[in-house]
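These are my notebook entries on a single protein chain. I record below what I looked up, entry by entry.

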Amino acid sequence: MPMRPRLLVLAGFCVFALAACGEEQAQQAPPPPEVGVVTVQPGTVALEKELVGRLAGFRSADVRARVPGVLQQRTYREGSEVEEGEVLFVIDPAPYRAQLGSAQAALAQAQANAANARASAARARRLAPDDFISGADLDDALAAERSAAAAVQAARASVESAQINLGYATVRAPISGRAGKQQVTEGALVGEGGATLLTTIDQIDPLYVNFSMSLAEFDQVRRMQLDRSEPTRVRVLLQDGSLYEHPGELDFSGHVVDPATGAVSLRAVLPNPEQRLLPGTYVTLQATLGQQPGMFRVPQAAVQRDASGAYVLVVGSDGMVARKNVVTDRADDGDWIVGQGLEPGDRVIVSGVQKARPGSPASAVPWQPGGSA
């Protein structure tokens, strides 16, 4: 074979071999990894704190004997609900009825004396211009009239005092609520030397929830740019982990730090229509302290951490993976609340994070919670 055709055949063979090799390399290059992403947008997120508090009665009143006497009767059932003004105890009223009768008799006598004094004074006024009586007699008649009027007022006050004491012999409920255990039995002398405690009434609908927040947390919340236009709501967690169905509202926030605990006292009012909750119980509560605007919700699986801090991987518009350092505020319902580091519209990688590398391409598909991309 001539030399020139042999060279042409050899060159063609080399070109074919190089083309086959390039095609094989192209077939071996892996495609970009598929990752599940969520497109994040800023929004308003409720700032919630989980705290420990203690329930207390909305109102509590001690029922005491306000007059001395022998306790005759208890008219309520211990532990039952009583209404304001309902009769609870009866103290022997006989001595106070006698005092009232005596005061009324003294009033009647004072009124009779006052009538006589008025008549004498009127007669003296008529006779004085004609000099039928002396000026001294006129002055005595007028003074007697004034003294008799004062005696009537004193007697009337004695009657009112006797009526009050007679009324105190019937002990009534000062507030509506649940009456407690009887402290003194019938037949005992009460009110002698002091106001004897008979029982206690607690109003447990609604209830107070007393809790506290450390000074550092309190200052942190106060410095936040929160929307506080809505009332601060409080939800109570029951012992079985469920949420109590009636939310409460914060009604008191102290501005004095307790030197013993270094905390600030707060209080909320909690409805208790079924009376499932009892005063003195320690409870876990979730307090919504305000609304945070401009925050991002990111699934917890998307947030990674290393020595530099928290970060996420995002897929840019060019299909390349990039790292973004973020500042997480707190965890909430399976998400991280991110305050800094993200931009609206960022496509954050949630699934397939292990396959993504910053600076490398990735195929982004929507991520579904509880499933795969």
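**Entry 1: Lys 324.** I listed the contacts of Lys 324, leaving aside residues up to four places away in sequence, and found Tyr 311, Val 312, Val 314, Gly 341, Leu 342, Glu 343 and Asp 346. I note that the model I am reading is a predicted one. Lys 324 belongs to strand 16, which covers residues 321-325. Its relative accessibility is 22%, so I entered Lys 324 as partly exposed, given that buried would require under 20%. I also looked up Pro 358: it is 34 residues from Lys 324 in sequence, and the two C-alpha atoms are 9.8 Å apart in space.

**Entry 2: Charges over rings.** Tyr 311, one of the contacts of Lys 324, has Arg 323 over its face, at 3.9 Å from the ring centre. I found a second case at Tyr 208, where the charged end of Arg 267 sits over the ring, 4.0 Å from its centre.

**Entry 3: Aromatic pairs.** How many aromatic pairs are there? I counted two, taking ring centres within 6.5 Å as the rule. For Phe 58 and Tyr 208, the ring centres are 5.0 Å apart and the planes meet at 35°, so I recorded the pair as tilted. Phe 58 is in strand 2 (residues 43-64) and Tyr 208 is in strand 9 (residues 197-214); the pair therefore ties together parts that lie 150 residues apart in sequence. Phe 58 is partly exposed at 27% relative accessibility, whereas Tyr 208 is buried, with a relative accessible area of 15%.

The other pair I wrote down is Tyr 76 with Phe 89: centres 5.5 Å apart and planes at 80°, so it is edge-to-face. Tyr 76 lies in the loop between strand 3 (69-74) and strand 4 (81-82), and Phe 89 lies in strand 5 (residues 87-91), so this pair ties together parts 13 residues apart in sequence. I found both Tyr 76 and Phe 89 to be buried.

**Entry 4: The open sheet.** Strand 5 led me to an open sheet of four strands in the order 6-5-3-8, with antiparallel pairing. Strand 6 (170-172) and strand 8 (189-190) are the edges; each has a single partner strand, so one side of each is left without a neighbour in the sheet. Strand 5 and strand 6 are joined by three bridges, and Val 90 stands opposite Thr 170 in strand 6.

**Entry 5: Strand 10.** Which strands pair with strand 10? I found that strand 10 (residues 233-237) pairs with strand 11 (residues 248-257) in the antiparallel sense over two bridges, with Val 234 opposite Gly 248. Strand 10 also runs antiparallel to strand 13 (residues 282-299), to which five bridges join it; here Leu 237 faces Thr 284.

**Entry 6: Helix 3.** I compared the expected and actual span of helix 3 (residues 135-168): at 1.5 Å a residue its 34 residues should span 50 Å, and the end C-alpha atoms are 50 Å apart, which agrees. Its buried residues include Leu 138, Leu 142, Glu 145, Val 152 and Val 159. Helix 2 (94-127) is among what covers the buried residues of helix 3.

**Entry 7: The UniProt record.** For residues 59-201, an unreviewed UniProt entry lists "domain: Multidrug resistance protein MdtA-like barrel-sandwich hybrid". In the model, this span is 48% helix and 22% strand, and its end C-alpha atoms lie 8 Å apart.

Note on methods: Residues are numbered from 1 along each chain as its sequence is written. This is a predicted model: local features need pLDDT of at least 70, side-chain atom pairs count only at pLDDT 80 or more; totals for chains, interfaces and linings use all residues. Side-chain values use heavy atoms; hydrogens and water are left out. The expected span of a helix is 1.5 Å times one less than its number of residues. Buried means under 20% relative accessible area, exposed over 50%, partly exposed in between (1.4 Å probe, protein chains only). Contact means heavy atoms within 4.5 Å. Two strands pair if DSSP finds at least two bridges between them. UniProt positions are given in the numbering used here, feature names are shortened, and annotations may be inferred rather than shown by experiment. Rings of Phe, Tyr and Trp (its six-membered ring) pair if their centres lie within 6.5 Å; planes under 30 degrees apart count as stacked, over 60 as edge-to-face and the rest as tilted. A charge sits over a ring if NZ of Lys or CZ of Arg is within 6 Å of the ring centre and within 35 degrees of the ring normal.
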